[in-house]
Amino acid sequence: MEKTKNRWLIALSAVGIHLSIGSVYAWSVFTNPLIDQYGWSLSYVSLTFSIAILFLGLSAAFMGHFVEKHGPRRSGIVSAAFFGIGMMASGGAAALESIWLLYVTYGVLAGIGLGIGYITPVSTLIKWFPDRRGLATGLAIMGFGFSAMIASPIMAGLIESVGIPFTFLILGIVYFVIMMASALYLERPPVGYMEDFMEEKKKVPDLSQLTANEAVKTRRFWLLWVMLFINITCGIAILSVASPIAQEIAGLSAGAAATMVGLMGFFNGAGRIAWASVSDYLGRPNVYTMFFFIQIVAFFALPGITHALLFQAVLFLIISCYGGGFASVPAYIGDLFGTKQLGAIHGYILTAWAAAGLVGPLLVSWIRGATESYVLTLSIFGITLIAALLVSLWIRVDMKQLKQRSEQQAVQKLSS
């Protein structure tokens, strides 16, 4: 009889994959060196990152069924191949001084690896940790949030010592090895894993067990999509203008604002594990409602906060909610739709990320340009968060009705 793998090593493998692909958030380290060395414009270089995030969302949506059909090991290997080879080939694009080839190698190839790698370990961990869904997914997605903090100084040091092409090549090889080793340990839990334990704990059963195609036809899927979209849009908008907004409102110097941006990366990662763990005890609906209530207060309060430390503390709280939204949503999906095709459903939900990544920065730039002030910008995002708060209450109505229907069906089965 085959020995059951250690679920904490499964979690560590998931962290290994997310730490690797999360390095995409450190893309800005390449920005100035690429501009200085090859004479490319800022918009051309920034487009590389945008393409990678676009293909993250698209591949997560379209490859979710692949993850469910072929399992986490094979999906992880595919992710490692796309991301690792994409990074290594980006070195060739840099050596050939071709921005268009960089769009293909880093934007498309590595972007596909990002999407598959993001959903693969998350759907697996939920099945290994039925008792602590939030903690498990928070661990993996925390790795994605913290990755930029680890990768940024390494990238900067490599660019300085070996140049841009070899930096891409070295990182590609390292990430390929880490992701491949992690993927080879991943697997689904055995049939019936922890069933007896969960019965003793009297766990509240999932509200349903739906396929991905069935899930997207329900109202609660789209309510969850809207909540995630608004949470990410507001978070990305703040991330994209954090430095200038802190200088304009709180009077921070450019150096102090840069330090603050670095610390935001820490709270992005810490918020993922903290909020996801809290959701195991308070429930996912309560945590999402808390996200929006906290951010409504924060967005409307920020324009009036001129004290530098208090201003930064409020920003850090907003960013923790941004990260927490990512980490809590896979467990929320499990609660609403079950784990039958969680990876595929998660992939569909992540299209909200691709959409928000496009809308957030563009919207904040447009409003700032039209009003010449960040005060109205923050208020407008505060209003959108009120809409998200109402949606978080609306989804509870659907959940309550579904729970009552499930209980009635259970009673009918017992009586028949």
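Me: Let's take buried to be under 20% relative accessible area, exposed to be over 50%, and partly exposed to be in between, with a 1.4 Å probe and protein chains only. Is cysteine 321 buried or exposed?

Reply: Cysteine 321 is buried, at a relative accessible area of 0%. The model is predicted: local features need pLDDT of at least 70, side-chain atom pairs count only at pLDDT 80 or more, and totals for chains, interfaces and linings use all residues. Residues are numbered from 1 along each chain as its sequence is written, and side-chain values use heavy atoms, with hydrogens and water left out.

Me: How many disulfides are there?

Reply: The count is zero, where a disulfide is a pair of cysteine sulfur atoms within 2.5 Å.

Me: Why does cysteine 321 have no bond?

Reply: Because its closest cysteine sulfur, in cysteine 234, is 11 Å away, too far for a bond.

Me: And cysteine 234, buried or exposed?

Reply: Cysteine 234 is buried, with 1% relative accessibility.

Me: Switching to pockets. What volume does the largest pocket have?

Reply: About 1400 Å³. On a 1 Å grid over the protein atoms alone, a pocket is an open set of points with protein on both sides within 12 Å along at least five of seven lines; a cavity is a set where a 1.4 Å probe fits but cannot get out; and lining residues have an atom within 4 Å of a point. Points are joined across faces, edges and corners, and the volume is the space filled by probe spheres set on them.

Me: Which residues are closest to the centre of the largest pocket?

Reply: Tyr25, Ser28, Phe49, Leu239 and Ser240, out of 40 residues that line the largest pocket.

Me: Which helices supply at least two residues of that lining?

Reply: H2 (28-38), H3 (42-62), H6 (133-162), H10 (219-249), H11 (254-282) and H15 (351-371). Helix H3 gives the most, nine residues. Helices here are DSSP runs (H or I, at least four residues), numbered from the N terminus.

Me: How do the lining residues divide into nonpolar, polar and charged?

Reply: There are 26 nonpolar, 14 polar and no charged residues in the lining of the largest pocket. Ala, Val, Leu, Ile, Met, Phe, Trp, Tyr, Cys and Pro count as nonpolar, Asp, Glu, Lys and Arg as charged, and the others, Gly among them, as polar.

Me: What about closed space, how many cavities of 30 Å³ or more?

Reply: One. The largest cavity has a volume of about 50 Å³. Its lining is Val67, Glu68, Gly71, Pro72, Thr120, Ser123, Thr124, Lys127 and Arg188, and H4 and H5 are the elements that give two or more residues to it.

Me: Same split for the largest cavity: how many nonpolar, polar and charged?

Reply: Two nonpolar, four polar and three charged.

Me: Now rings. How many aromatic pairs?

Reply: The structure holds 28. Rings of Phe, Tyr and Trp (its six-membered ring) pair if their centres lie within 6.5 Å; planes under 30 degrees apart are stacked, over 60 edge-to-face, and the rest tilted. In one of the pairs, phenylalanine 221 and phenylalanine 337 have ring centres 6.4 Å apart and planes at 55°, so this pair is tilted. Phenylalanine 221 is in helix H10 and phenylalanine 337 in helix H13 (residues 308-337), so the pair ties together parts 116 residues apart in sequence. Phenylalanine 221 is buried at 1% relative accessibility, and phenylalanine 337 is buried at 0%.

Me: How are phenylalanine 267 and phenylalanine 316 arranged, what angle and distance?

Reply: Their ring centres are 4.5 Å apart and their planes are at 10°, so the pair is stacked. Phenylalanine 267 lies in helix H11 and phenylalanine 316 in helix H13, so the pair joins parts 49 residues apart in sequence. Phenylalanine 267 is partly exposed, at 28% relative accessibility, whereas phenylalanine 316 is buried, with a relative accessible area of 10%.

Me: Which residues form an aromatic cluster?

Reply: Tyr25, Tyr118, Phe144, Tyr322, Phe326 and Trp353 form one.

Me: Last one. Where is glutamate 97 found?

Reply: In the loop between helix H4 (64-95) and helix H5 (99-128). Phi of glutamate 97 is near 55°, a positive value in a residue other than glycine. Glutamate 97 is exposed, with a relative accessible area of 51%.
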